Amino acid sequence: MHQNSEQVNRIALVTGASKGLGAAIAARLADTGLAVAVNYHRDRSGAEAVVEHIMAAGGRAEAFQADVTDAYGVNALVEAVSLRMGAPTVLVNNATGPQPFIPIERQQWDDYQAQLDFFLKAPFLLLQRVLPQMKSAGFGRVINIGSEVVELGNAEFSHYVAAKAAMLGVTRSWATELGVHGITVNLVAPGWIPVKRHEGTPQSELEAYCAGLPLNRMGKPIEVGDAVAFLASDRSGFITGQRIAVNGGKTLS
Ligand SMILES: NC(=O)c1ccc[n+]([C@@H]2O[C@H](COP(=O)([O-])OP(=O)(O)OC[C@H]3O[C@@H](n4cnc5c(N)ncnc54)[C@H](OP(=O)(O)O)[C@@H]3O)[C@@H](O)[C@H]2O)c1
């Protein structure tokens, strides 16, 4: 564990941290000395396993159930984290629902709304709720987990792409508005990083994806965690409003 004494009293809230990238982000933030609120929706045992893993490594973490697409859920979540751990000044908007591919003829507006609820509504509700404490601390880190699909424009995925594009837009706007308070807002855009829900993907599909990458391999969840941990730290204090791709160089802008 690489504790950074400046970070020891800070609380990070990671949404959707019971598995996948969120679990790796939570573990990596804890490694750097942050106390981590591990949010989950349905997978309580997954969240508890993440907490146990962090505590076994000497870190601090607690699990918090909440639906982050719901205003009441967000209010209760931030209140519970603040009471049990302290007010979060690091917010990682990571949670996602299902991500179906749907040809445009079969898409419904609800498909767009469902993605916007995760990637625009939830981050907005959470930011509003944690902002007063960030402002009074004169410090805040908001890290939105976007996606390379905004640059790639994947077919049959425009509902997801649109919502991730919206997330990038608010990242920039919030960064401009909140910088004066010592709050940075950035977006980490992963490429395809296999997690549990990708189990069973044919090897040929993974190889085809790797073939298009300068680094010629799949990424690992902890590599997203590393980028987030850097952006959450004091070492990133002069970086705001940026999109950082963690995708082996697949997109070059
Ligand atoms: N993995 C990739 O290849 C990849 C690529 C680009 C971008 N991303 C982005 O990275 C983020 C994480 O993706 P992932 O692949 O790690 O997903 P994942 O493994 O499917 O995990 C999703 C997480 O979101 C949580 N969640 C679902 N509904 C929720 C709700 N209403 N409120 C709070 N939490 C909720 C889940 O909690 P429960 O299980 O407890 O219900 C789970 O912890 C997403 O924003 C995704 O768009 C992923």
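**Pocket, sheet and cavity in the predicted model**

Among the elements of this predicted model, helix H1 makes the greatest contribution to the lining of the largest pocket, supplying three residues. That pocket encloses about 1200 Å³ of space, and its wall is built from 45 residues. Those lying nearest the pocket centre are Thr-96, Gly-97, Gln-99, Val-195 and Arg-197. Besides H1 (20-31), the elements that give two or more residues to this lining are strand S2 (35-40) and the helices H4 (109-137), H5 (149-152), H6 (158-178) and H7 (203-211). Sorted by class, the pocket lining comprises 19 nonpolar, 17 polar and nine charged residues.

Strand S2, met above as a part of the pocket wall, also belongs to an open sheet of seven strands. Reading across this sheet, the order is S3-S2-S1-S4-S5-S6-S7, and the pairing is parallel. Strands S3 and S7 (243-246) form the edges, each pairing on one side only. From one strand to the next, the twist averages 20°.

A closer look at S2 shows how its two neighbours are attached. On one side, S2 pairs with strand S3 (residues 60-65) in the parallel sense through six bridges, and here Tyr-40 is found opposite Gln-65 of S3. Strand S1 (residues 11-14) likewise runs parallel to S2, the two being joined by four bridges; in this pair, Val-14 faces Val-38 of S2. As a reminder for anyone following the side chains along these strands, in a regular strand they alternate between the two faces of the sheet.

Two helices accompany this part of the sheet. Helix H2 (residues 44-56) joins with S2 and S3 in a right-handed β-α-β unit. H2 packs on the sheet, where it touches both S2 and S3, and its direction makes about 170° with that of S3. Helix H3 (residues 71-84) lies across S1, S2 and S3, and runs at about 150° to S3.

What empty space remains besides the pocket? Rolling a probe the size of a water molecule over the atoms shows where such space is left. The structure holds one cavity of 30 Å³ or more, and the volume of the largest cavity is about 30 Å³. Its lining includes Thr-15, Val-68, Asn-93, Asn-94 and Ala-95, together with Phe-118, Phe-119, Ala-122, Pro-123, Leu-126 and Met-167. Helix H4 is the main contributor to this cavity lining, with five residues, and H4 also appears among the elements that line the largest pocket. By class, the cavity lining divides into eight nonpolar and three polar residues, with no charged ones, whereas the lining of the largest pocket has nine charged residues.

Note on methods: Residues numbered from 1 in each chain as written. Predicted model: local features only at pLDDT ≥ 70, side-chain atom pairs only at ≥ 80, totals over all residues. Heavy atoms only, no water. 1 Å grid on protein atoms, 1.4 Å probe; cavity = no way out; pocket = protein on both sides within 12 Å on 5 of 7 lines; lining within 4 Å. Points joined across faces, edges and corners; volume = space filled by probe spheres on them. Nonpolar A, V, L, I, M, F, W, Y, C, P; charged D, E, K, R; others polar. Pairing = 2+ DSSP bridges. Right-handed = clockwise from strand over helix to strand, strands pointing away. Axes fitted to C-alpha atoms, helices over the stretch in contact; angles between N-to-C directions. Contact = heavy atoms within 4.5 Å.
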